[in-house]
Amino acid sequence: MVDLRRSHERFRTEIEEAVLACMQTTQFILGPEVSRFEERFCEYLHQGNGRVVSCGNGTDALLLTLLAMDFPAGSEVIVPDFTFVATAETVVRAGLTPVFVDVDEQTFCIRPDAIEAAVTDRTVAVIPVHLFGLTAPMEAILDIARKHRLKVIEDTAQATGSTFRFSDGTTRKAGTMGDAGCFSFFPSKNLGGYGDGGAVFTTDETLADRIRSLRNHGQYQRYYYKEIGTNSRLDSIQAAVLNVKLTRLDQFNQERRTAAAHYIRLLQDVAEVTVPAVPDYTDHVFHQFTIQVPPERRDALISHLSTAGVAAQIYYPMRLSAHAPYQSFPRGDVAVTARLNRTVLSLPMFPELTTDEIQYITSTIKSFFK
Ligand SMILES: *Cc1c(COP(=O)(O)O)cnc(C)c1O
């Protein structure tokens, strides 16, 4: 699905030099390399008045944000049912109630009408997920949030570098439109480190300070604590890698878009295959390239691809609300999610994927449906 070796070979010297230099400083946790990354990432997100607080991983970025927002226990947080588990897991971990709602059949993202239908007087926040690299319909989501006074926490783990265009023409980076944006630097994400890493972006200085305190045991002065925190910090070596890769993020995302355009061109006349939507309100950054196929043929297609040496993965095979630990939480009508669980199939996608490989993968798919 993702060949990280190719990515490493591409920038090997630069990354090795950065990591070695970082080792020599012996400041392994937080430290100057981490502050440098937080500043540069903030600049990259084009929000002069914002703050970036890094942390141990993307899951903690969500958890620390939810904890820092201090919602009353049991408050409801609306989440899409079609997403990676961390989106809902962190809500429960923070002592809150996830409310699962449906997504759009074409974009795979949370649907504004589904959010609106799920709002109760206990709802405090919504977590739109920019799934597979496609930004959720933020303009409508922000309108609903304003109307019902909800916080908006953008799960940007899969869409680092994506842009959203509002109807008045202004553009914003994914993760900078809501009250907080949560990022993951898991190795296979669009901006991936060489281990775990995460960050929160916010323009709310108080919130940023709170997250900065929580990620480091609630410590405000060495061995003095003002609240109960945890240990979730970014390693300096990860920051050194991320500082190198951040300068190439737009290039990586452009390469993903080029690969996706090849896929779409080669697959669009295969009647059994639905290619991913590319709405014009966003720059899709294709964390995944996800097609839809007839459910009764999906397993056979996966075997056919596997025999030909092609990886394919189902993201995600079952709606979150159907998994045992999540069954007792409220949910709306999640029919689209249930259908997508049976039709989606993600194909290999990474910046270094070649035109020849895409040609081979798509002709393998075509030979299956012939
Ligand atoms: C990867 C991911 C996360 C969690 O990130 P980690 O760094 O792996 O903890 C959260 N939400 C979504 C949608 C993700 O894809």
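This dialogue explains how to read several features of a predicted model.

Q: What kind of model is this, and how are its residues numbered?
A: This is a predicted model, in which local features need pLDDT of at least 70 and side-chain atom pairs count only at pLDDT 80 or more, while totals for chains, interfaces and linings use all residues. Residues are numbered from 1 along each chain as its sequence is written, and side-chain values use heavy atoms, with hydrogens and water left out.

Q: How many salt bridges does the structure hold?
A: Side chains of opposite charge can pair when their charged atoms come close. A salt bridge here is a side-chain nitrogen of Lys or Arg within 4 Å of a carboxyl oxygen of Asp or Glu, and the structure holds 21 of them. In one of these, the side chains of Asp70 and Arg210 meet at 3.0 Å, N to O. Asp70 lies in the loop between α3 and β2 (76-80) and Arg210 in helix α7 (residues 205-214), so this salt bridge ties together parts that are 140 residues apart in sequence. Helices (H or I, at least four residues) and strands (E, at least two) are DSSP runs, numbered from the N terminus.

Q: Which parts of the chain does the pair of Asp283 and Arg165 link?
A: The side chains of Asp283 and Arg165 meet in a salt bridge at 3.4 Å, N to O, and this pair links distant parts of the chain, with Asp283 in strand β12 (residues 282-283) and Arg165 in strand β6, 118 residues apart. By contrast, Asp209 and Arg212, whose salt bridge is 3.0 Å, N to O, are three residues apart in helix α7 and therefore separated by about one helical turn.

Q: Is Asp70 buried or exposed?
A: Buried means under 20% relative accessible area, exposed over 50%, and partly exposed in between (1.4 Å probe, protein chains only). Asp70 is exposed, with a relative accessible area of 56%, whereas its partner Arg210 is partly exposed at 23%.

Q: How many aromatic pairs are there, and what is one example?
A: Rings of Phe, Tyr and Trp (its six-membered ring) pair if their centres lie within 6.5 Å, and planes under 30 degrees apart count as stacked, over 60 as edge-to-face and the rest as tilted. The structure holds 20 aromatic pairs. The rings of Phe41 and Phe185 have their centres 5.6 Å apart and their planes at 85 degrees, so this pair is edge-to-face. Phe41 lies in helix α2 (residues 31-44) and Phe185 in the loop between β8 (180-184) and β9 (198-202), so the two rings tie together parts that are 144 residues apart in sequence. Both Phe41 and Phe185 are buried, and ring pairs link them with Phe37, Tyr44 and Phe183 into a cluster.

Q: Which residues lie nearest the centre of the largest pocket?
A: On a 1 Å grid over the protein atoms alone, a cavity is a set of points where a 1.4 Å probe fits but cannot get out, and a pocket is an open set with protein on both sides within 12 Å along at least five of seven lines; lining residues have an atom within 4 Å of a point. Grid points are joined across faces, edges and corners, and a volume is the space filled by probe spheres set on the points. The largest pocket holds about 570 Å³ of space, and of its 33 lining residues, Phe84, Gln158, Lys189, His287 and Tyr316 lie nearest its centre. Helix α3 gives the most to this lining, with three residues.
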